[in-house]
Amino acid sequence: MRKVITRFAPSPSGPLHVGHLLAAMQARRLADAHGGCCLLRVEDIDQRAQRPEYLQLMYEDLEWLGLRFDGEVLVQTQRFPLYQDVLTRLREMGLLYPCFCTRSEIKAQVAEMGRAPHASLGYLYPGTCRRLSPDAVAEKLASGMPHTWRLDMRRAQDMIGCPAWHDLHRGTQRCVPTLYGDPVLARKDFPASYHLAVVVDDAAQGVTHVTRGEDLFESTHIHRTLQGVLGLPVPLYCHHSLLRDNAGKRLAKRDGARSIESLRTAGYTREAVLESLQAALQRGGIWQV
């Protein structure tokens, strides 16, 4: 049986909050339960949102919480050449196409078709640029027209079908590549999307179990598709519930009062924070500190 490897992968675009603590604890506990390893990955690929002070604060918070991780820290901004190599491979496979549509144009196209936007993955792209002729594509590229690179999910589905993946909470799932449209994998100011980077990095680090919030459950269709076309290992998934306030609203980074830093400066001890997390889980994820 292969060694269990999990990972905690925060993005330093703001202070760590109690939702991050839950994610880190889920990954650490699963690894420890199987005598495995829990890795730390810094998902800083979106440079527009990153701040050096947040990265430093993240390390301070993790140390204060007493969370330990195994091996070296993987930092995504140090891996841009690798992501570019994967994009080139997908392009050579005929699975990428340039999209010249703006967000407002896509919303207008979707509205005209009478299709409602998907709540978590954004507006479903109707495939407008997928249908452009090679000459039209060449002309637009030659003119320097801004564009993104989208994964052609129809071709991907033709190539791999609808492969399975397993969630520890929800059982065996069937991936349907075309379910959520053609996702963006790169753009000029964003060398690789979250979807591309997370799949490549999980494979590179040998991650066997992906623990993450249930808000990312639907993204697994995209990730399983990429694993299929790239021939990468498929980890087991564990999409856990999210922490919420008394009104049932999901806690997020904008909830500054629940940041680890705010709890530290307010005089809470590490033990008190961990006890509050455990109490929240017993209340069905309702955080009351």
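How many salt bridges does a search of the whole structure find? The search finds 15, a salt bridge being a side-chain nitrogen of Lys or Arg within 4 Å of a carboxyl oxygen of Asp or Glu.

Before selecting anything, note that this is a predicted model, in which local features need pLDDT of at least 70, side-chain atom pairs count only at pLDDT 80 or more, and totals for chains, interfaces and linings use all residues. Residues are numbered from 1 along each chain as its sequence is written, and side-chain values use heavy atoms, with hydrogens and water left out.

**Stop 1: the open sheet**

Select residues 96-99 and 184-187, which are strand 4 and strand 8, and add residues 148-151, strand 5. Strands here are DSSP runs of E with at least two residues, helices are runs of H or I with at least four, and both are numbered from the N terminus. The three strands form an open sheet in the order 4-5-8, with antiparallel pairing. Strands 4 and 8 stand at the edges with a single partner strand each, so one side of each has no neighbour in the sheet. From one strand to the next, the twist averages 30 degrees; axes are lines fitted to C-alpha atoms, and angles run from 0 to 180 degrees between N-to-C directions.

Now restrict the view to strands 4 and 5, which are joined by four bridges; DSSP must find at least two bridges between strands for them to pair. Pro-98 has Trp-149 of strand 5 as its bridge partner.

**Stop 2: Asp-202 and Arg-41**

Next, select Asp-202 and Arg-41, whose side chains meet in a salt bridge at 2.6 Å, N to O. Asp-202 belongs to helix 7 (residues 194-204) and Arg-41 to strand 2 (residues 37-42), so the pair ties together parts that are 161 residues apart in sequence. Asp-202 is buried at 5% relative accessibility, and Arg-41 is buried at 0%; buried means under 20% relative accessible area, exposed over 50%, and partly exposed in between (1.4 Å probe, protein chains only). Add Arg-7 and Glu-43 to display the network of salt bridges that links them with Arg-41 and Asp-202.

**Stop 3: two partly exposed pairs**

Move to Arg-244 and Glu-214, which form a salt bridge at 3.5 Å, N to O. Arg-244 is in the loop between strand 10 (236-240) and helix 9 (260-265), and Glu-214 is in the loop between strand 9 (209-213) and helix 8 (220-230), so this contact ties together parts 30 residues apart in sequence. Arg-244 is partly exposed at 26%, as is Glu-214 at 27%.

Finally, select Arg-270 and Glu-271, a salt bridge whose closest N and O atoms are 3.7 Å apart. Arg-270 is partly exposed at 29%, and Glu-271 is partly exposed at 45%.
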